[in-house]
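Work through the three exercises below with the sequence and the coordinates open. Try each task before reading its solution.

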Amino acid sequence: MRLLNRSLRRLASFVFALALVAALLFTPAALLQAAEDGEIVPCPPCRGDGVCRARDCKEGKIPCYSECLKPDAPEWTKRQIEGQSEADAEKLWFPYAYKVNGKKETAWFSREQAGELIAIEKGQPVSRGRCPACAGSGRIVCQSCAGSGKCFACLGEGKFVRGRNLLTLTDALQGREMEAVVRSRTAERVTVLRLADLKVFDIPLDKLSAESNELIAQRFPLAP
Ligand SMILES: [Zn+2]
Ligand SMILES: [Zn+2]
Ligand SMILES: [Zn+2]
């Protein structure tokens, strides 16, 4: 009986040691400290579809700010002019609205002038040639997404994953916590998107706590 007990005890301690080794091998320290790892946090500005939400942004372009005749404006229309040829009746025109002495006037520009910059000279709208800001396309690069058409916060992913790119970082001095999406890092600093206000900025690594530094080192190891 005593012999059986002893071998049972030996077996138990063997199993325990095995479990301990397995735990140490397969559970990285940072996984133990972040219990909610893997949690999906939908991106606030794009609400998950990853598309740029800047006003009027379409595939990374917004309407040109300049006073040019936008080729894709809805105002282009056919025009009824007495005695015009059949071919001319099919042409599109842009009704450019302006004011002379407080009175509303309309100047018509032909489709061939699409993309041209309009300025008022001596009270009359005149063309200054192809718009320099948009090169006549009527659209310019969206500053929010830098032309990518993707949400500036999640860069098109629509979500953040806790533990993968979303980390809780604490500052070294007061231990204040911050939910931060890590964008990139160097040996000295880490570039983050702060989840609270969606601001992107750099943090020197020596301003972060030892735990945060450890977490960053583990999740974002420096390229050799
Ligand atoms: Zn323009
Ligand atoms: Zn955009
Ligand atoms: Zn987004």
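The exercises deal with confidence, a hairpin and the nonpolar cores of this predicted model.

**Exercise 1.** State how confident the predictor is in the protein chain, and find where pLDDT stays under 50.

Solution. Start with the chain as a whole: its mean pLDDT is 88, and 85% of its residues reach 70 or more. Next, look for the weak stretch, which is residues 23–33, where pLDDT stays under 50. Finally, count its contacts beyond four places in sequence: the model has five for this stretch.

**Exercise 2.** Describe how strands β3 and β4 pair, and determine how many residues of β4 are buried.

Solution. The protein chain has four helices and 12 strands. Take β3 (residues 93–100) and β4 from these: they pair in the antiparallel sense over eight bridges. One bridge joins F94 to F109 of β4. The hairpin has two residues between the strands, and N101 takes a positive phi near 50°. For burial, a residue needs 20 or more other C-beta atoms within 10 Å of its own. Among the eight residues of β4 (residues 103–110), the count that meets this is zero. Across the protein chain, buried residues make up 18% of the 224 residues.

**Exercise 3.** Identify which members of the largest nonpolar core touch the most other members, and which elements supply it.

Solution. The core holds 25 residues, and C151, A180, V181, V182 and V192 touch the most other members. By element, β9 (166–170), β10 (177–185), β11 (189–194) and α4 (210–219) each supply at least two residues of this core. Another core, of eight residues, lies apart from it and includes C64, F94, C131 and C134.

Notes: Residues numbered from 1 in each chain as written. Chains lettered and ligands numbered in written order. Predicted model: local features only at pLDDT ≥ 70, side-chain atom pairs only at ≥ 80, totals over all residues. Core = buried A, V, L, I, M, F, W, Y, C linked by C-beta atoms within 7 Å. Buried ≥ 20, exposed ≤ 12 C-beta atoms within 10 Å, placed from the backbone. pLDDT = per-residue confidence, 0-100. Contact = placed C-beta atoms within 7 Å. Pairing = 2+ DSSP bridges.
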